[in-house]
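Colleague: Could you walk me through this one? I'd like to know what stands behind each label you use.

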Amino acid sequence: MAKKKTQKRKSRKKASTPFYKDQRYIRITGIGLLALSAMIFFALVSYLMTWQLDQDKVLHFSWSIFAERDLRMANWLGRFGAFVACGLMYWGFGVASFLLVSLLARFSLKLIRLESWSTFLVPARRMVLLTFFLSLVFSAAFAHSAFPWGGAVGQALYLWISNFLGSLGLVLFILFLMAASFIWVVNPDLRQWALIGRPLAVQLAGVPGAMARASVDEGSDDTQHARFRNPFKNFAPSLSRFLGTPTTSSSTTEDTSSQPLSSSASSAAPADADKIQIDQKEDRPRPAPAKQLELGLDHEIKVDPLAMGSKRRRKKAPMADPSLEINKAPQPDPTLDLFKEQEGPKPKSSGTAMEQPQENYDPKADLSSYKLPALELLHEYDEEKLEIDKSDLQEQCSNIIDTLRNYKIEITKITATIGPTVTLFEIVPAPGIRINKIKNLEDDIALSLSALGIRIIAPIPGKGTVGIEVPNKKRQIVSAREVFRSTKFKEAKLTLPIGLGKTISNEVFVADLAKMPHLLVAGATGQGKSVGINQMLISLLYKMHPSEVKLIMIDPKMVELSLYSRLEKHFMAMLPDQEEPIITDTTKVIHTLNSLCIEMDQRYQLLKDASVRNLKEYNKRFTNRRLNPGKGHRYLPYLVLVIDEFADLIMTAGKEIEIPIARLAQKARAVGIHLILATQRPSVNIITGMIKANFPARLAFKVQQKVDSRTILDTGGADQLTGMGDMLLSAYGKIIRLQCAFVDTPEVERVIEHISSQQGYLEPYILPEYTGDDTGKSAEGVSASDLDALFDEAARLVVGSQSGSTSMLQRKLQLGYNRAGRIMDQMEALGIVGGAQGSKPREVLVFTETELDQMLHDFRNG
């Protein structure tokens, strides 16, 4: 009995398997590793976007961090994701760490599938080598980037190899590794590369008897399309073997398709002229008559060794690859006509010229010879090159750090971005430092740096840092030529592109006026406001054709925009009775604004009839000839209204200017009418709430007071600018600091001379006629229809106050001077007030409102 018990115990020990060999434990481990690889993958993806926010917390590692309750990480996986991602990306291999994650995922899949580990070791070793190589490549490519593209491993490799071999040696070493890896993985047939794109006659040259056997058979209609051998045929299988992945079904298909044809299959195939002919006796392709014509780069001819006199016994020829086999439709392909000799006249196409669709309408056809201005018309300044004084920059950094330390503010990092006008210092404060404490030290930092004025951005949106903008001691001139020759401006696919200048990071800034859609410009006198307007106009002239945009310019100062009057037949839009292209008279300004409102209503009616929502869709339909010109449809250019010194117009005309401006700002963007208003008085009585609400894009040059900055930008900052084109653009939901490009008056004259010397239209773009009151009409002989709409209210105001003052009508009724004076002349003609007495108010001849009502009743009914 004892022996039986011991035998049972031994049998139980033999039957029990270790836990590491149990399939359940192995699969559970694989699932756990797969979940871990997924977590690490998302942690790395999150690190790409949140590394700056978590960097300071994870670099100063301590075990107490895991016990802190208030510590918050921006990484998607919290503290675990932040530390793991930092270890792999920052201290590890950088972006190449994703390969290690994929390696872990593949290992976990093998555990789940209960596959052998032996097939995993070789590709794992190669994957690790590829990780080191990519880490080195990323570190070399982004050596000056703050982001750890190659990680600490790649950075160490890069520094060691570059110091040992130099920069050129590093590049050659990387190219050698890439070429060696390519040849090792792909193993291409380099001999076949020489045949790609070469003529058949050249390929057969030097082969005895080949030309004779490849001669043209004139009586045969068969066209031989020789197949070619792809030098990258083994790329997919080789790459699969290198990475250890199973081969796809395509390789199986390829092997199946490469089996030799049987005689029965070849005999069953029709003798089509576009297919490869098969010799049933020898079970191989028979050389069909070939043409001595050049093939395109997409074809490569493989010459049959039998046709070159080879006596070797060949294996059975593989069947042509299905992707290369050409089965023709009844109608011949025009690309295959190159392979045939002249075979008589070909049937003509059944289509006629009348059946062809009409060409699209070209709005530029009237001025097809128009040439855009060249860059040589603009001046290139020697001060365009940015010079960096490292010692001065280091001194400013030290002053900022010392000033902050005096107030017990520690920072962990500081970087400098040098722009044409200012240098942006980005600082990362230590944990626990309040941002407002730094912002309140604006004057103290300016004192320590001996700067004209600094601007603190706390925090910089989207970066998690505090910005300190310090003016440069030596400014860089940003010329219009430098902006226009930039790739960003040349390749801008914008509707109305305007190159404003450069940002603080020394990048060209190009905006789209059509998306703004209106721009309000403000700034003190002499701060670059007029230069900025000229830069916007020159930008449009450099990019737009005269048929695409028209300009309406209002210049109360009469001298700022007078240069553009020579563009009357090219880019200007005018009233029918307007004599000068540039509008300077206040009366004409009112007529022009109301005429634009009529043009806006007419365009909206056209858009409604065309069932479109904006001008771009309308013009696209018209150019595609989907709108009938007989029904009033026409090509509509964009209209840009430019008003210089808007404050002067508001002071002289008041509501008569503000109301049409507000109408245009509210509705005109969809029909292609855009406004640019400039003023040097950004006060609340000039830039009213109605105007601000409809001008989301605002450009502020230097102003004198902070209240003016808040009026134009709704925030401070414009009072701290340095002048001379230094400006802040509030658009797209953020504020951008720019240095306006400088364009001088001689440059503008040369550009205008170039345009005006070319052929223009017979007449400028005519705006609708506005049938308003004529301010030049005499008060004598006035009729009831001539009375102003506010005449009764003005007459009662004068009689009630017994003061016939024009200025009183302006204040009480919010009228312009011309309209108030016209109402006063009409009251004089009706006998309500007496004649003018210089600066004194007129004498009121009617004493009661009852008498006034009777007088007006008799006048209208008499």
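Modeller: Of the 862 residues of the chain, 44% count as buried. The model is predicted, so local features need pLDDT of at least 70 and side-chain atom pairs count only at pLDDT 80 or more, while totals for chains, interfaces and linings use all residues. Residues are numbered from 1 along each chain as its sequence is written, and side-chain values use heavy atoms, with hydrogens and water left out.

Colleague: What makes a residue like F83 buried?

Modeller: Buried means under 20% relative accessible area, exposed means over 50%, and partly exposed is in between (1.4 Å probe, protein chains only). F83 has a relative accessible area of 16%, so it is called buried. F83 sits in helix α3, residues 78-90. Its C-alpha is 9.9 Å from that of M73, which is 10 residues away in sequence.

Colleague: And how much surface does the chain expose?

Modeller: About 48,000 Å², with carbon and sulfur atoms supplying 55% of it. Those areas come from the Shrake-Rupley method with a 1.4 Å probe, and for residues only the protein chains shown count as cover.

Colleague: How many helices and strands are there, then?

Modeller: The chain comes to 29 helices and 17 strands. Both are DSSP runs numbered from the N terminus: helices are H or I with at least four residues, strands are E with at least two.

Colleague: What share of the contacts joins residues at least 24 apart?

Modeller: Taking contacts between residues at least 6 apart in sequence, 68% join residues at least 24 apart. Contact here means heavy atoms within 4.5 Å.

Colleague: Why is the pair E469 and R455 called a salt bridge?

Modeller: The term needs a side-chain nitrogen of Lys or Arg within 4 Å of a carboxyl oxygen of Asp or Glu. For E469 and R455 the N to O distance is 3.0 Å, so the pair fits the definition. This pair links distant parts of the chain, with E469 in strand β6 (residues 466-471) and R455 in strand β5 (residues 455-457), 14 residues apart. Both E469 and R455 are buried.

Colleague: Which other residue forms a salt bridge with E469?

Modeller: R737 does, with the closest N and O atoms 2.5 Å apart. That pair also links distant parts of the chain: R737 is in strand β16 (residues 734-740), E469 in strand β6, and they are 268 residues apart. R737 is buried, as is E469.

Colleague: What about R860 and D792?

Modeller: Their closest N and O atoms are 2.8 Å apart, and they form a salt bridge. R860 lies in helix α29 (residues 849-861) and D792 in helix α26 (residues 791-801), so the pair ties together parts 68 residues apart in sequence. R860 has a relative accessible area of 41%, so it is called partly exposed. D792 is partly exposed too, because its value is 23%. Elsewhere, salt bridges that share partners join R455, E469, D726 and R737 into one network. The structure holds 26 salt bridges.

Colleague: What makes K515, K616, K620 and R626 a patch of positive charge?

Modeller: Those residues gather on the surface. Lys and Arg count as positive and Asp and Glu as negative, with His and the chain ends not counted. A patch takes residues with over 30% relative accessible area and no salt bridge; like charges are joined within 9 Å, and nonpolar side chains (Val, Leu, Ile, Met, Phe, Trp, Tyr) within 5 Å. The place of a charge is NZ of Lys, CZ of Arg, CG of Asp or CD of Glu. As an example, K616 has a relative accessible area of 59%, so it is exposed. K616 lies in helix α20, residues 615-623.

Colleague: Where is the backbone unusual?

Modeller: The peptide bond from A458 to P459 is cis, with omega near -10°, and P459 is in the loop between β5 and β6. Another cis bond joins M516 and P517, with omega about -10°; P517 is in the loop between β8 (508-512) and β9 (519-522).

Colleague: And how do you know that K408 is exposed?

Modeller: Its relative accessible area is 71%, so exposed is the word. K408 has a positive phi of about 60° although it is not a glycine, and it sits in the loop between α13 (390-406) and β3 (411-418).
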